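Here is a quick tour for anyone opening this structure for the first time. Have a look at the sequence and the model, then read on.

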Amino acid sequence: MVKRSLRVLTKMLHENGIRYRLHVKDIPGNPDLCNKKKGFVIFVNGCFWHRHEGCKDFVVPKTRTEWWIEKINKNVIRDKNNFNELNKLGFNIFIVWECELVSNKIDSTLNELYKKIKCLN
């Protein structure tokens with residue numbers, strides 16, 4: 001689902017003239033999309049893997065619960081550390097949740113993100 005969501009997002013940005021690089025490895029967190037010149041990074045986060053609080057797609061599994069909680073907590077801590085590093089480097093961080101890229105929310109999500117990016121610089 002995240003790969004398909006990323007494709008929808010990249011298509012919209014490209015059609016609107018916003019350029020980016022994909023999966024930039026020399027920036028903390030390897031953001032899904034990055035534009036160093038405009039100073040933004042975008043992460044397309046899976047609701048389960050990054051613990052999207054209050055989301056119907058984030059449910060702790062009933063088997064091996066302790067292991068899953070530990071795994072997801074490590075992901076969340078890693079995300080926070082990466083965001084702190086990105087803030088120090090001066091990047092604007094945008095997170096798009098997987099659940100926000102479903103058919104009934106996608107237009108408003110992408111429009112909101114586009115507006116925020118256009119306001120930079």
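## Rings, a pocket and a helix residue

Let's start with the aromatics: there are seven aromatic pairs in this structure. Keep in mind as you go that the model is predicted.

How do you describe a pair like that? Two things do the job for a pair of aromatic rings, namely the distance of the centres and the angle of the planes. Take Phe48 and Trp49: their ring centres sit 5.0 Å apart with the planes at 80°, and since an angle over 60 degrees counts as edge-to-face, that is what this pair is. Trp67 and Trp68 also make an edge-to-face pair, with 4.8 Å from centre to centre and 85° between the planes.

Here are the two pairs side by side.

| Aromatic pair | Centre to centre | Angle between planes |
|---|---|---|
| Phe48 and Trp49 | 5.0 Å | 80° |
| Trp67 and Trp68 | 4.8 Å | 85° |

These four rings belong to a wider group: Phe48, Trp49, Phe58, Trp67 and Trp68 make up one aromatic cluster.

Are the cluster's residues buried or exposed? Phe48 has a relative accessibility of 19%, and because buried means under 20%, Phe48 counts as buried. Trp49, at 40%, is partly exposed, and Trp67, at 39%, is partly exposed too. Trp67 has a charged visitor as well: Arg64 lies over the face of its ring, 4.6 Å from the ring centre.

Now for the open space. The largest pocket holds about 220 Å³. It is lined by 15 residues, and those closest to its centre are Val44, Asn45, His50, Arg78 and Asp79. Sorted by character, the lining has five nonpolar, six polar and four charged residues.

Which elements help build that lining? Both β3 (40-45) and α2 (65-88) supply at least two residues each. The biggest share comes from α2, which gives six residues.

Let's stay with helix α2 for a moment, because Asn82 is found there. With a relative accessible area of 16%, Asn82 falls under the 20% limit and is therefore buried.

Which residues does Asn82 touch, leaving aside those up to four places away in sequence? They are Pro28 and Gly29. Gly29 is 53 residues from Asn82 in sequence, yet the C-alpha atoms of the two are 5.3 Å apart in space.

Conventions: Residues are numbered from 1 along each chain as its sequence is written. This is a predicted model: local features need pLDDT of at least 70, side-chain atom pairs count only at pLDDT 80 or more; totals for chains, interfaces and linings use all residues. Side-chain values use heavy atoms; hydrogens and water are left out. Rings of Phe, Tyr and Trp (its six-membered ring) pair if their centres lie within 6.5 Å; planes under 30 degrees apart count as stacked, over 60 as edge-to-face and the rest as tilted. Buried means under 20% relative accessible area, exposed over 50%, partly exposed in between (1.4 Å probe, protein chains only). A charge sits over a ring if NZ of Lys or CZ of Arg is within 6 Å of the ring centre and within 35 degrees of the ring normal. On a 1 Å grid over the protein atoms alone, a cavity is a set of points where a 1.4 Å probe fits but cannot get out, and a pocket is an open set with protein on both sides within 12 Å along at least five of seven lines; lining residues have an atom within 4 Å of a point. Grid points are joined across faces, edges and corners, and a volume is the space filled by probe spheres set on the points. Helices (H or I, at least four residues) and strands (E, at least two) are DSSP runs, numbered from the N terminus. Ala, Val, Leu, Ile, Met, Phe, Trp, Tyr, Cys and Pro count as nonpolar, Asp, Glu, Lys and Arg as charged, and the others, Gly among them, as polar. Contact means heavy atoms within 4.5 Å.
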